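The following note sets out some remarks on the model for a colleague's consideration. Please read the points alongside the sequence and the coordinates.

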Amino acid sequence: MSIWGWVPPLVISLVAVYTYYAYVVAMCIMTSNLLVEKVILILVFHALFVMSVWCFVRSVWTRPRKPTVKYALEEAEWSKMSYDYNWKKEREAMSNLRQKVGIYTTASDTGDGMLQYCFHCRNLKPDRCHHCSRCGMCVLKMDHHCPWVNNCVGFHNYKYFLLFLSYSSFGVIFVIFTSARFIYEFIINARQFGLASAVSGNVLVILIMLVIHILVGIALSPLLYLHRDLVAHNVTTLENSRPVGVYGTKPSYKTFDMGLQANFLQIFGERKLYWFFPIFTSQGDGMTFPISTYKKMQNA
């Protein structure tokens, strides 16, 4: 990865450091005159701040998972199989290979059975797996490559990424609403006693923090809304732009949609206590997933 890829995570880190100083020191300690208010604001802020930073660090430093050696296939063998795919013998060979490795999705929009192969990694791509040119590897259940964490978001860290968005959003809302009172008092004092007497270094620091968080909130809102919808239907960002199909069927956005509860548990796991922490609890191995089409056939 390029060193420039670390610029966005550095920007987030600097915003976090500035927010901590502006909120805890400039606002709570040096501006607020009520002891109870100081204690409550500092405690709640630290809870949201620690969780946001923890989830951010886990999103950045958790390395992507790649397919196991089970999916390795030499390029020459793949080339022969795919080049002669129209021949019955090679079609049967690919069908047998599909059953052997347990791949259900197809590379073709027609669902004709063609498997997906990565010429860079020299392996078959399991369901929901994609090659990331930035990371230089095939990533299991790849959602997207996020520049803000300088890492791929996928099976290995999608839960951490969702928690980071959630805690950050709650933190932004908390900071905006609790700091707005101090800005309101500044405006009242400026009207009564003049701008020069009302302005102070701490007020400017708080005002800058408020503006930054309003902008961050505007940026986070559509992203959080998008991923809420993706989780509800068990769709990745890549699948949302290009749906995948199962062998013998046409592409669909509901290929992996097993219902709201099952979709949620695939990411967050069964243990409710761990839902709120960036601890890996996602179900499965990241290479095989329940298919909603087969579920419907079983229930029919």
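How far apart do the end C-alpha atoms of residues 204–226 lie, and what percentage of the span is helix?

1. In this predicted model, the end C-alpha atoms of residues 204–226 lie 34 Å apart, and the span is 100% helix with 0% strand.

2. The unreviewed UniProt entry annotates residues 204–226 as "transmembrane region", together with residues 12–33, 39–57 and 160–184. For residues 12–33, the end C-alpha atoms are separated by 30 Å, with 82% helix and 0% strand in the span.

3. Helix H7 comprises 33 residues (residues 201–233). At 1.5 Å a residue, H7 should span 48 Å; the 48 Å between its end C-alpha atoms therefore agrees with the expectation. H7 nevertheless has a kink of about 30° at Leu 220, shortly before the proline Pro 222. Just after H7, Asn 234 adopts a positive phi of about 55°.

4. Leu 220, where the kink lies, is also one of the buried residues of H7. Others in that set include Val 203, Val 205, Ile 206, Met 209 and Leu 210, as well as Asn 202, His 213 and His 227.

5. For the chain as a whole, the model contains 10 helices and 8 strands. Of its 300 residues, 44% count as buried. Among contacts with a separation of 6 or more, 65% are between residues 24 or more positions apart. The exposed area of the chain is about 16600 Å², of which carbon and sulfur atoms supply 66%.

Definitions and conventions: Residues numbered from 1 in each chain as written. Predicted model: local features only at pLDDT ≥ 70, side-chain atom pairs only at ≥ 80, totals over all residues. Heavy atoms only, no water. Helix = DSSP H or I, 4+ residues; strand = E, 2+ residues; numbered from the N terminus. Buried < 20%, exposed > 50% of the residue type's maximum accessible area, 1.4 Å probe, protein only. Contact = heavy atoms within 4.5 Å. Areas by Shrake-Rupley, 256 points an atom, 1.4 Å probe, with all protein chains shown as cover. Expected span 1.5 Å × (residues − 1). Bend = angle between axes of the 7 residues up to and from the residue. UniProt positions renumbered as here; feature names shortened; annotations may be inferred.
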